[in-house]
Amino acid sequence: MKLRVVVLGAGFGGMELSSILSETLGDDLDLTLIDQNDSFYFGFSKLDVMFGRKSSDAVKIPYSSISKPGVQFRKETITSIQPATRTVTTQNTVYEADVLVVALGADYDIQATPGLVEFGNEYYTFEGAEKLREVIPSFRKGHAIVGVCGAPFKCPPAPSEAALMLHDYLSTAGIRDACTISLVIPYGSPIPPSPDSSKALIKAFEERNIQFIPQRKVTSIDGSRKLAVLDDGTEMPFDLFLGIPKHVAPDVVLQSGMVENGWIPVDRAHLLTKFPNVYAIGDVTSVGTPKAGVFAEGAAKTAAASIIAAFNKKENQSPYTGAGSCYIEFGKGEIGRVDVDFFSGPKPFGIHHDASAALAADKEYFGSSRKARWFGINTA
Ligand SMILES: Cc1cc2nc3c(=O)[nH]c(=O)nc-3n(C[C@H](O)[C@H](O)[C@H](O)COP(=O)(O)OP(=O)(O)OC[C@H]3O[C@@H](n4cnc5c(N)ncnc54)[C@H](O)[C@@H]3O)c2cc1C
């Protein structure tokens, strides 16, 4: 009998898990991978789109390229999840699974920050990044704020990256002196588990005259007075606002009865939820790592190992370590890296690698290797 696996969400976690199960189980696998979109894109490509470095088409990878033994991709919107019976409903049909994997990521509650929709901008959705590509060129002078509206948020370095890339953009346009840039984040440092990466970022902000405002978040945008209001009541005038919206679990997950305190709890060893043979991986969980693709991918590897072990009537002996490497854009074509480990020691720790052109090539390989493994597209 083939193992019927239904994977909800073809993002970082869903793609990695489906690839491993296909490679390992092959003919024994009957896996349905469901996503509402027709193409995949890396989170970091939104920064490239927003600053006009790449076109939308150049960063989108169509799911129609997936060709893996035992895997069928379905472009459908999931409307209901019944974890107790491992039944999933989409706008087209109903699926029943032996093993269900929820990898639906984090969604945004943009309305939670009054004024953000009408008077600000956000670059965390693809559409938001595309809109900003049109808006940013009209910003010629004044104050730009990169502001986080809630925690947790995806990819903790991404607000710092946006501020540094905006500096580059304005410098290249010859208008940096006419503009000021502020960065508002709710943490005490840019990357809390890595003091060295945080120090390097703060030094880069100082060198570029970017005002760094830690431990604050943006609670509303006052459009009539063009002010961003922070959680301590501070009012900051702006001419351009680049927001990071409040994150929430997707609505269909919130309705499923799987969520506690906003996200799906899982056991750290196997990524199992409290429902038998139902796993959850990536940003949709509260596993204890940041919301980032590398951690979704790591969780997918562990969940896949557990599913394969159970299929072979064994137990996966390698629990999830919560380790991953995140690249950090410093601008000027230089990229740093932080290797973070969340679960091996008594507390999370990160090792910083200084920004360099060599690491830019490393990040390029990170993208192209996933493109090859997940979609069979070789760009090297
Ligand atoms: C600006 C920015 C920069 C980033 N940079 C990095 C980086 O450099 N490195 C890094 O590791 N991470 C980065 N990230 C974070 C990274 O993109 C996410 O953390 C990662 O994609 C999470 O993977 P996931 O599999 O949990 O969810 P996702 O990749 O978000 O996948 C979830 C999928 O579920 C689908 N879905 C949701 N609801 C439904 C539904 N009802 N029906 C059908 N399908 C549905 C979605 O369409 C989506 O494809 C960045 C994010 C942003 C916004």
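**View 1. Strands E12 and E13 side by side in a predicted model.** Six bridges tie E12 to strand E13 (residues 179-184), and the two run parallel. For a handy register mark, look for Gly-142, whose bridge partner in E13 is Cys-179. Over this sheet goes helix H6 (residues 158-172), which touches E12, E13, E14 and strand E18 (240-244). The direction of H6 makes about 175° with that of E13. Keep in mind throughout these views that the model is predicted.

**View 2. The whole sheet around E12 and E13.** Pull back a little and E12 and E13 turn out to belong to an open sheet of five strands, in the order E11-E18-E12-E13-E14, with parallel pairing. Strand E11 (121-122) and strand E14 (210-213) stand at the edges with a single partner strand each, so one side of each has no neighbour in the sheet.

**View 3. The other parallel sheet, with H1 across it.** Here five strands line up as E5-E2-E1-E9-E20, again an open sheet with parallel pairing. The edge places go to strand E5 (71-75) and strand E20 (278-280); each has a single partner strand, so one side of each is left without a neighbour in the sheet. From one strand to the next, the twist averages 15°. Strand E9 (residues 99-102) and E20 run parallel and are joined by three bridges, with Leu-100 standing opposite Val-278 in E20. Helix H1 lies across strand E1 (3-8), E2, E5 and E9, and runs at about 165° to E2.

**View 4. Where the two domains meet.** The domain assignment splits the protein chain into domain 1 (3-106 + 249-319) and domain 2 (109-241). Their C-alpha centres lie 31 Å apart. At the contact, 14 residues of domain 1 meet 16 residues of domain 2. On the domain 1 side, H2 brings the largest share, four residues. Sorted by class, that side of domain 1 has eight nonpolar, three polar and three charged residues.

**View 5. The ligand and its shell.** Of the 35 residues around the ligand, a run of glycines comes nearest: Gly-9, Gly-11, Gly-43, Gly-105 and Gly-282. The shell divides into 19 nonpolar, eleven polar and five charged residues. Several elements supply at least two shell residues each, among them helix H1 (12-25), strand E2 (29-35) and helix H2 (45-50); helix H9 (293-311) and strand E21 (323-331) do so too. Domain 1 and domain 2 both give residues to the shell, so the ligand lies between them.

**View 6. The E21-E22 hairpin.** Strand E21, which also supplies residues to the ligand shell, pairs with strand E22 (residues 334-341) in the antiparallel sense over eight bridges. Tyr-327 has Arg-337 as its bridge partner in E22. Two residues sit between the strands of this hairpin, and Lys-332 takes a positive phi near 55°.

**View 7. Pro-137 and a partner from far along the chain.** Pro-137 lies in the loop between helix H5 (126-135) and strand E12 (142-148). Is Pro-137 buried or exposed? With 11 other C-beta atoms within 10 Å, Pro-137 is exposed, because a residue counts as exposed at 12 or fewer. Check Phe-51 as well: Pro-137 and Phe-51 are 86 residues apart in sequence, and 8.9 Å apart in space, C-alpha to C-alpha.

Terms used: Residues are numbered from 1 along each chain as its sequence is written. This is a predicted model: local features need pLDDT of at least 70, side-chain atom pairs count only at pLDDT 80 or more; totals for chains, interfaces and linings use all residues. A residue is near a molecule or strand if its C-beta atom, placed from the backbone, lies within 6 Å of it. Ala, Val, Leu, Ile, Met, Phe, Trp, Tyr, Cys and Pro count as nonpolar, Asp, Glu, Lys and Arg as charged, and the others, Gly among them, as polar. Domain bounds come from an automatic or database domain assignment. Two residues are in contact if their C-beta atoms, placed from the backbone, lie within 7 Å. Two strands pair if DSSP finds at least two bridges between them. Axes are lines fitted to C-alpha atoms, for helices over the stretch in contact, and angles run from 0 to 180 degrees between N-to-C directions. A residue is buried if 20 or more other C-beta atoms lie within 10 Å of its own, exposed if 12 or fewer, and partly exposed in between; C-beta atoms are placed from the backbone.
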